[in-house]
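Here's a quick tour of a protein and its ligand. Have the structure open and follow along.

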Amino acid sequence: MEAVKIRESIYWTGVKDWNLEEFHGYKTPNGSTYNSYLILDEKIALIDGAKHYLSHQNIARVKSVIDFSKIDYIIVNHVEMDHSGNIPELVKLAPQATIVTNSAGKMALEAHFDTEGWNFQIIKTGDVLSLGKRNLTFVTTPLLHWPDSMMTYCPEEKILFSNDGFGQHYCANTIWVKEAPFDIVCNEAKSYYANILYPYGMQAQKALNTASELNLDIEMIATGHGCIWEGKEEVSWILNSYAKWASAQNDGSAVVVYDTMWGATAKLAETITSVFEDAGIRVVKRSLSNKHIAEVMTDILEAKYVVIGTPTLNNELFPRVAAFVTYLKGLAPKNKKGFAFASYGWKPGVVNKIQAVMEELKWDTIAPFEEKYTPKSDVLEKLKEHTKTIFD
Ligand SMILES: Cc1cc2nc3c(=O)[nH]c(=O)nc-3n(C[C@H](O)[C@H](O)[C@H](O)COP(=O)(O)O)c2cc1C
Ligand SMILES: [Fe+2]
Ligand SMILES: [Fe+2]
């Protein structure tokens, strides 16, 4: 198991998780990687570790280049276990190494592991660590993805080691975006943002601003997951996309999401979808019995309109819709227009639970729509007229 050279004396020493299908509740059909990087200079630095159960790959790739006793610094950009699960093992192999992280990173390492005897160097945004010919400078990016998250930049190489930022859950033979199918990688990057970083748009904008204030000239974004962005087109695609997603811009499209037991809510969903189609608006209709909530969130990221429907089950939302609405509330998309719809048998009202979440998210809403049992054609006509008022 060999390291992969990414620049003179800089190596990818990460691990591949081909079989990963789920990542804390988020569906990952293309697996993932946990990327670690090794820089050989007068001082030697290892950037990030890996998930514990794949530690052997990380260790073998480092050993293919250098002995652990030579490592001076282990840089911990993020303490979540996908990047730091094997840090204790790495420290055992390289007890002489100094752990370089920010103060929140040190606290989180102490809360996860027995760090007795570890050497720490605590850094903050703008601090510089000299390795010899190369320097590393740090940008803390709190909440992208945890309070401890940070990125490491090497000005001489113009490489940003971005950890969770700009990542994709994608595993392939190549470690380069330019050698992978661009549409799949881009969709995974979009899905990653929608399902992991969505609530932190403000922090993402702040991080992008800090990067431009520090005049970071970036030729390569060496992520913590998936493939490395290298090349003008690739790097600008991902930076522009983050700027767009973080500022909640939309592409004018619509998502109609629902579930159904006996088809009544499905009829309402179909009617609403047809209104968007007739208005020439790109729309997707997603039944939660077929689509995972993570896929629907990816659809929602760039959408302008989001309409959500449920059957009534024991006075409650249908459980898959409830799960989706809880997930949506946590990810907190902004600047959407929408309304809720429902079918009930004998007691109306569950529709308001969805509408309340939309209002909490400060969406621009029109009134909810609900109907007893299966809607007849006159009701569907009424629903059409109601849906059209969303364009007012
Ligand atoms: C197991 C079950 C429980 C239900 N519980 C309620 C209920 O508590 N209140 C209500 O008004 N309707 C209830 N209904 C009626 C459904 O909400 C109604 O049939 C609705 O049209 C179903 O929509 P669907 O065809 O999209 O599944 C229940 C139906 C089923 C099958
Ligand atoms: Fe993370
Ligand atoms: Fe991660």
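## Two helices side by side

In this predicted model, α10 and α11 touch through Val325, Leu328 and Lys329 on the α10 side and Ile354, Val357 and Glu360 on the α11 side. Sorted by class, the residues of that contact come out as four nonpolar, two charged and no polar.

As for geometry, the axes of α10 (residues 319–331) and α11 (residues 351–360) come within 10 Å and cross at roughly 10 degrees. Angles under 35 degrees count as roughly parallel, so α10 runs roughly parallel to α11.

## Around the ligand

Which residues come nearest to ligand 1? They are Met261, Trp262, Thr265, Pro311 and Gly345, out of 18 residues around the ligand.

If you're after the elements behind that shell, look at α8 (264–278), β20 (303–313) and β22 (337–344), each of which supplies at least two residues. The shell around ligand 1 has nine nonpolar and eight polar residues, plus one charged residue.

## Where the domains meet

The domain assignment splits the protein into domain 1 (4–246) and domain 2 (253–391). Going by C-alpha atoms, their centres are 38 Å apart. Domain 1 puts eleven residues into the contact, and domain 2 puts in twelve.

On the side of domain 1 that touches domain 2, β5 (26–27) and α5 (182–197) are the elements giving two or more residues. The top contributor there is α5, with five residues. By class, that side of domain 1 has six nonpolar, three polar and two charged residues.

Notes:
Residues numbered from 1 in each chain as written. Chains lettered and ligands numbered in written order. Predicted model: local features only at pLDDT ≥ 70, side-chain atom pairs only at ≥ 80, totals over all residues. Near = placed C-beta within 6 Å. Helix = DSSP H or I, 4+ residues; strand = E, 2+ residues; numbered from the N terminus. Nonpolar A, V, L, I, M, F, W, Y, C, P; charged D, E, K, R; others polar. Domains from an automatic or database assignment. Contact = placed C-beta atoms within 7 Å. Axes fitted to C-alpha atoms, helices over the stretch in contact; angles between N-to-C directions. Parallel < 35°, antiparallel > 145°, perpendicular 65-115°, else oblique.
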